[in-house]
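Please take a moment to look over the sequence and the model shown here, and then follow the paragraphs below, which go from one chain to the surface that two chains share.

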Amino acid sequence: MLPLGVRVRVLLRLPLLQASWNYERMQSLGVLYILFPALRLIYRDEDLVRACQRHLAYFNTHPFMAAPLLGTVLALEEGGETAVGGAMDVDEFKAMCMAPFAAMGDALFWGGLRPFAAVLALLLAVSGFWWAPLAFLLLFNLPHGVAFIAGLGGGYRQRLGMIERIQGYRLPDLAVRCKEGTGLLLGALSAILVGDTLTLAEVPPIWGAGVLLSVLLLGGLGRLGVSTLILILFMSAALMIVCG
Amino acid sequence: MAFSPDYLYAGLISLLVGLDRTAVLQLLICRPIVAAPLTGWVLGDSQLGLQAGILLELLWLGRLPVGAAIPPDDTQIAVGGTALALVMGAGGVEDLPLLLLSLLVALPLGKCGQFFDHLARLGNGRLLVWAEKDLHLGRPLAATRWHLLGLVFFALASLGTYLGIVLPGSLLLPWLAPYLLPQVGESAPWLFLAFPLVGTAVFLGTLRSRRILALYLLAFFAVYLLREGF
C-alpha cells in the first residue's frame, strides 16, 4: 500500500487537475502532476520516464469524477497492471472510464447540483437573506468535497470494483431529480419576482400570466440559437424605450 | 478616467475568482452570486454586490463548462460590473439604476473573456510540448512543473478580461450615464425582473424537458396564486 503521506500529496494536488487544460490533450499534464508523487515511489529511472509518458496521453473527464478514477489508477499502477496479464491495464482503464465519468459528472455537478444550489441561493437572496452566497457554496461543495476525498480513497481501495460502486449510486437519476427540483425552485423564484414587480409598478396581478408567456417566448428564441447576450440587451433596450 | 484603488482591489478578486473558474478547486466562488457580493464586500457595499449577483446568476447558468466549450465569462462581468458601479458612486440598493447601467455596459465588454480564455488554453498547449521535451531528456520532475505555469496563463486571462471590462467601461459609463441613467431609472423594476427571467427562459430552453417545464409552470402558478391571494 502506498504510504499515507503520498496519498495525501496526491489528494492535495487533485484540485489542480485543470491548471494546464489545453486543446491538444486537455487534462493529461494535470493527471501526470497529480500522480507524480506516487509514480516516483513506484518506478525508478527509465521506468519512471515511461510511466510519465504514458500518463501524458489524452485525458479528459469531469474534474470531480477524476478523484475515484485516479484513485483506481494509483492502485493499478501500484499493482503493476500496466501490461497484458493484469485484469485491465492502466491505459485501458483510463480510456474506458473517462468519457462515461465525464458524462455523469457533467450531468450531476454542472447540469444538476450547480443550478439547484444557485436557484435556491437566489430564492434566499430575494427573500432578504444576506448569507445566500454562503448557502450556495455549502450546498454545492459538500458533495464536491465527498467526491474528492471519498472518491480518491474509494477508488484506491476498491480498484476496479469502484466502477460497480459508482454505478450503484445511480448518479444520472440523481441529476434528473436535481433538474426537476431546479424547475420547481425556478417557478417559485419567477412567481416571487413577477409578483413583487407588478405590485411595485401597480399593475393588476392578472398580467403575471403575460410575463410568463414572455418567458416561454424567450425560451423558444434561446432554443432557436439566439444568444443570451442579444436577448438581454434587446429586452433592456425595449424596456427603456417603453418605460422611459 | 480617474484611477481609484478600488479597481486594484477588484482586480485582485478577479484573479482569485477567475482561477476558481477552471484552473483551481472549482469551489464556485466564480459564480456571480458569490463573486459579485464578494467584490461589493471588499469595496464597501456587499448588498449592492448581492443585487448584481441576483441579476447575473441565471443568465448563463445553463451553459456547461464541458470539453473545449468556453462559456461567457460571467465571473468577470460580475466583478467588473460591480466594481464599475461602486467606483462610479453607487451606494446602497437605492442606486440600482447605476448598477443596472454598469452591468449593461459590462455584459457586451465581457465577450472578450472567451478570447482571453482561448489564448490561455493555447498557451497551455505549449506547456505540454515543453513537458514532453523534458521527459525525452529524462527529467520527469521538471516535466511536471510546467503544469503549474498554466495557473499563470489562466490568471492572466482573468486579469485581461477584467481590464477589458473595466478600462473601456470606466470611459463609457460617465459618457453614457447622463443620457441613459434616467431611462434606466424609469425602467429599473422591469429591468430587475428582465435579467432573471431571460436567464430562466434560456435555462428552461436549454433543458428541453417538458416535464421540467411542467414543474416550472406548476410551481409558478402555485406560488403566484398563494402570494397574490386569488
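In chain B, among contacts (heavy atoms within 4.5 Å) with a separation of 6 or more, 75% are between residues 24 or more positions apart. This is a predicted model, in which local features need pLDDT of at least 70 and side-chain atom pairs count only at pLDDT 80 or more, while totals for chains, interfaces and linings use all residues. Residues are numbered from 1 along each chain as its sequence is written, chains are lettered from A and ligands numbered from 1 in the order in which they are written, and side-chain values use heavy atoms, with hydrogens and water left out.

Chain B has eight helices and zero strands, where helices (H or I, at least four residues) and strands (E, at least two) are DSSP runs numbered from the N terminus. Its C-alpha atoms fill a box of roughly 75 × 50 × 25 Å along the principal axes, and of its 230 residues 57% are buried, with buried meaning under 20% relative accessible area, exposed over 50%, and partly exposed in between (1.4 Å probe, protein chains only).

One helix of this chain can be followed more closely. Helix α4 of chain B covers residues 74-87, and because its 14 residues at 1.5 Å a residue should span 20 Å, the 20 Å between its end C-alpha atoms agrees with that expectation; the expected span is 1.5 Å times one less than the number of residues. Of the 14 residues in α4(B), 13 are buried, and just after this helix Gly89(B) takes a positive phi of about 110°.

The two chains meet where 89 residues of chain A are in contact with 89 residues of chain B. The area buried between them is about 8,100 Å², with carbon and sulfur atoms giving 77% of it; buried area is the accessible area (1.4 Å probe) that two parts lose on being put together, summed over both. In chain A, Tyr23(A), Arg114(A) and Met240(A) lose the most area to chain B, together 8% of what that side buries.

Across this interface the rule finds three salt bridges, a salt bridge being a side-chain nitrogen of Lys or Arg within 4 Å of a carboxyl oxygen of Asp or Glu. Arg25(A) pairs with Glu132(B), their closest N and O atoms being 2.8 Å apart, and this pair runs from the loop between α1 and α2 of chain A to helix α6 of chain B. Arg25(A) is partly exposed, with a relative accessible area of 22%, and Glu132(B), at 27%, also counts as partly exposed.

Arg211(B) and Glu180(A) form a salt bridge of 2.6 Å, N to O, which crosses from helix α8 of chain B to helix α8 of chain A. Arg211(B) is exposed because its relative accessible area is 52%, whereas Glu180(A) is buried at 9%. Glu180(A) also touches Ile212(B) and Leu215(B), not counting residues up to four places away in sequence.

Asp196(A) and Arg227(B) form a salt bridge with closest N and O atoms 2.4 Å apart, again from helix α8 of chain A to helix α8 of chain B. Asp196(A) is partly exposed, with a relative accessible area of 39%, and Arg227(B), at 41%, is partly exposed as well. Salt bridges that share partners also join Arg21(B), Arg31(B), Glu57(B), Asp73(B) and Asp74(B) into one network.
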